[in-house]
Amino acid sequence: MSISVKDVTKRFGDFVALDHLSVEVPSGALLALLGPSGSGKTTLLRIIAGLEVADSGTVLYEDEDVTNSRVRDRNVGFVFQHYALFRHMTVFENIAFGLRVRHTPKAQVKERVHELLKLIQLEGLERSLPSQLSGGQRQRVALARALAVQPKVLLLDEPFGALDAKVRQELRQWLRRLHEEIHVTSVFVTHDQEEAFEVADRVVIMNKGRIEQAGTPQEIFEQPANPFVMDFLGNVNVFHGRVSGGRADLGGLNVEYPEYMDRESREATAFVRSHELDIQRVRNGRPALQANIVHINPAGQVVKVRLHAEQFGVWLNSSSRPGGCASSFRTIKFEGGGDE
Amino acid sequence: MPDTATTPRNITAAHEDPPAVRIALIATALLIMGVLIVVPLVNVFYQALAGGLRLYFENLLGDPDTLHSVKLTLIVAPAAVLANIVFGVAAAWAIARFKFPGRALLTAFIDLPFAVSPVVVGLFLVLIFGLQGFLGPWLRAHDIKVIFAIPGLIIATAFVTFPVVARELIPLMEAIGADEEIAAVSLGARGWQMFRRVTLPNIKWGLLYGIILCNARAMGEFGAVAVVSGRISGQTDTMPLRVEKLFQEYNMPGAFAVASVLASLAVVTLLVKSALEWKTRSDLAAAAREASEGGQA
């Protein structure tokens, strides 16, 4: 079941949460809505679910216009950030809720709930109350509850936001595997770019109620559409300088830039991702900046290094695999001066 | 105070007052409690039972007017409580779940019956429903009796006990939040299914607490009921009115016998209330804990 959101606008008083926004979720996709807080991602999710009503625009499930249908008629599975489990019901009854309100025969309810308990790996806990479960277990119950009624689409609002780092990591992988198993069209909201890129097969980056870029994680990572996306992807180094005659002069760094062959010099800003900077102990003849290492943070697979190039007054962030070297300057994005 | 148990004896905690002050304050509080509440309460039972059990039950059950007043209270109080359950739940729902113009005004108005003297409430009702009142001619034309009849008693009692249930539920529902209800709706529940399966189980102890308190107030209501009832013996006298009437007639054993029934009710209410209070407090704490757990991340 694909989802199309067309030209949706939503205001809260003077605040524009969504500004003529359109997005497509292909059938069977697992899509991440990524953005800083206040970017409208949760509002968009709630409009897709029917928990919020758009001021204008339409929402389609496949070809069916659901813009004006109520949440209970849309048959969506919604997973809340803080679980919203029914506190007085057992795990079993929580998962069974959607079936019970549809008056599903008892035997069928039992069968389906046990099927889901197996799926979320919580067999044996069906008589526990939500308060007796850990955060990760609660979120899995919430997911099973949403899946019980075989929803057309699954919507998750910051599903791992309230969990600690280790559990979050486990649940991400688990959600990814689960999606491969059941293939229901899913949309989840997150402000954590790592989470979005790791779990989703499509990522939509939002800012101020608009979409900055949409695509596969690889497309976005390799070809960030604009400075915002660049910056949001994290630890971007910004260089101010000039371009002319196929070269860019960036405060000490002089690199090739064949996209601008014009002789006339113009101002430019270059964005360099942290993994695109190489650190060498000795000059190797290639364009380089001299810098002092200020801080080293061994963050698992990569080492994050903070440097200060005193000569040019630039602070730099670099990340590389221990021992390995990243290729230098794969992407330079220029803005200003009206170029590309 | 269990939390000060670990403080060494020779150190006075900063928040503790000198012993003399503490003893004086506690003694004053206990003395006032004793003189104003415990002694009169015990005295009611003592006076009621002074003539022996046989006379006690004769006073209660032998007098047809007294017996009627008991029956009448057993009709009026539950009816008023029922009305206030409906109103209380509706008002709490509206205030805790929706933002609408006039919400603050409604919140303030809920407390009005507590602020107004019950006698004035009675007069209000006479002005509206009485023969010379606003609706009087219409009611007479349709042969409906409100003032000096059971409907008037119920309305007056309900009005005076209006805020009890709502006051109990509003903070509870606000603490619990709407998340579970939204979840229920997203899972396909209709309004009533959501209320019965999610909202009601979450608020049941608070609601029960409100009902108990409301019932106690309803059975003991005097002022408003006195005005609208016309105080006709054997017809519109409720128990509190009957106590006063017997007292005026110098029938002390009778007055105290009826009073003892009302006092017993108070004691029972107090016990049930304490038990429920403990239960609702733990529910509220659980809701707050859940909320803060979620909020931490």
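At what angle do helix 6 and helix 8 of chain B pack, and how far apart are their axes? In this predicted model, the angle is about 135 degrees and the axes are 10 Å apart. That pair is a good way into chain B, which has 14 helices and 0 strands. Chain A brings in the sheets, among them an open one of 4 strands and an open one of 6 strands. The points below start with chain B, move to its contact with chain A, and end with the strands of chain A.

**Chain B as a whole**

- Along the sequence, chain B reads α-α-α-α-α-α-α-α-α-α-α-α-α-α, in keeping with its 14 helices and 0 strands.
- Taken along the principal axes, the box filled by the C-alpha atoms of chain B is roughly 65 × 60 × 30 Å.
- Chain B splits into domain 1, covering 6-44, and domain 2, covering 53-296.
- Between the C-alpha centres of domain 1 of chain B and domain 2 of chain B there are 34 Å.

**Helix 6 against helix 8 in chain B**

- Helix 6 of chain B spans residues 118-129 and helix 8 of chain B spans residues 150-160; they pack at an angle of about 135 degrees.
- Because of that angle, helix 6 of chain B counts as oblique to helix 8 of chain B.
- The two helices, helix 6 of chain B and helix 8 of chain B, make a right-handed crossing.
- From helix 6 of chain B, the contact takes B:Pro118, B:Val121, B:Gly122, B:Leu125 and B:Phe129.
- Helix 8 of chain B answers with B:Gly152, B:Ile155, B:Ala156, B:Phe159 and B:Val160.
- Sorted by class, this contact of helix 6 of chain B with helix 8 of chain B holds 8 nonpolar, 2 polar and no charged residues.

**Helix 3 against helix 11 in chain B**

- Helix 3 of chain B, residues 64-97, crosses helix 11 of chain B at roughly 140 degrees, and their axes come within 9 Å.
- That crossing angle is why helix 3 of chain B is described as oblique to helix 11 of chain B.
- The crossing of helix 3 of chain B and helix 11 of chain B is right-handed.
- On the helix 3 side of chain B you will find B:Thr73, B:Ala77, B:Ala80, B:Val81, B:Asn84, B:Ile85 and B:Gly88.
- They meet B:Gly210, B:Ile211, B:Cys214, B:Asn215, B:Ala218 and B:Met219 in helix 11 of chain B.
- The contact of helix 3 of chain B with helix 11 of chain B is made up of 8 nonpolar, 5 polar and no charged residues.

**Where chain B touches chain A**

- On the chain B side 17 residues take part, in contact with 22 residues of chain A.
- Helix 10 (179-186), helix 11 (191-220) and helix 14 (252-296) of chain B are the elements that give two or more residues to the side of chain B that touches chain A.
- Helix 10 of chain B supplies the largest share of that side, with 7 residues.
- By class, the side of chain B that touches chain A has 10 nonpolar, 5 polar and 2 charged residues.

**The 4-stranded sheet of chain A**

- This open sheet of chain A has 4 strands in the order 2-1-4-5, with antiparallel pairing.
- Strand 2 (15-25) and strand 5 (64-65) of chain A are its edge strands, each pairing on one side only.
- Strand 4 of chain A, residues 56-61, runs antiparallel to strand 5 of chain A and is joined to it by 2 bridges.
- A:Leu60 has A:Asp65 of strand 5 of chain A standing opposite.
- Helix 1 of chain A, residues 41-49, lies across strand 1 (3-12), strand 2 and strand 4 of chain A, at about 120 degrees to strand 1 of chain A.

**The 6-stranded sheet of chain A**

- The strand order of this open sheet in chain A is 6-7-8-3-9-10, and the pairing is mixed.
- Its edge strands are strand 6 (76-79) and strand 10 (210-215) of chain A, each of which pairs on one side only.
- On average, and with direction ignored, neighbouring strands of this sheet are turned by 15 degrees against each other.
- Strand 7 (residues 153-157) and strand 8 (residues 185-190) of chain A run parallel, joined by 5 bridges.
- Opposite A:Val153 stands A:Thr185 in strand 8 of chain A.

**A hairpin in chain A**

- Strand 12 (residues 247-250) and strand 13 (residues 253-256) of chain A pair in the antiparallel sense over 4 bridges.
- A:Leu250 has A:Leu253 in strand 13 of chain A as its bridge partner.
- There are 2 residues between strand 12 and strand 13 of chain A in this hairpin, where A:Gly251 takes a positive phi near 50 degrees.

Note on methods
Residues are numbered from 1 along each chain as its sequence is written. Chains are lettered from A and ligands numbered from 1 in the order in which they are written. This is a predicted model: local features need pLDDT of at least 70, side-chain atom pairs count only at pLDDT 80 or more; totals for chains, interfaces and linings use all residues. Domain bounds come from an automatic or database domain assignment. Two residues are in contact if their C-beta atoms, placed from the backbone, lie within 7 Å. Ala, Val, Leu, Ile, Met, Phe, Trp, Tyr, Cys and Pro count as nonpolar, Asp, Glu, Lys and Arg as charged, and the others, Gly among them, as polar. Axes are lines fitted to C-alpha atoms, for helices over the stretch in contact, and angles run from 0 to 180 degrees between N-to-C directions. Angles under 35 degrees count as roughly parallel, over 145 as roughly antiparallel, 65 to 115 as roughly perpendicular and the rest as oblique. A crossing is left-handed if the near helix is turned anticlockwise from the far one by less than a right angle, and right-handed if clockwise. Two strands pair if DSSP finds at least two bridges between them.
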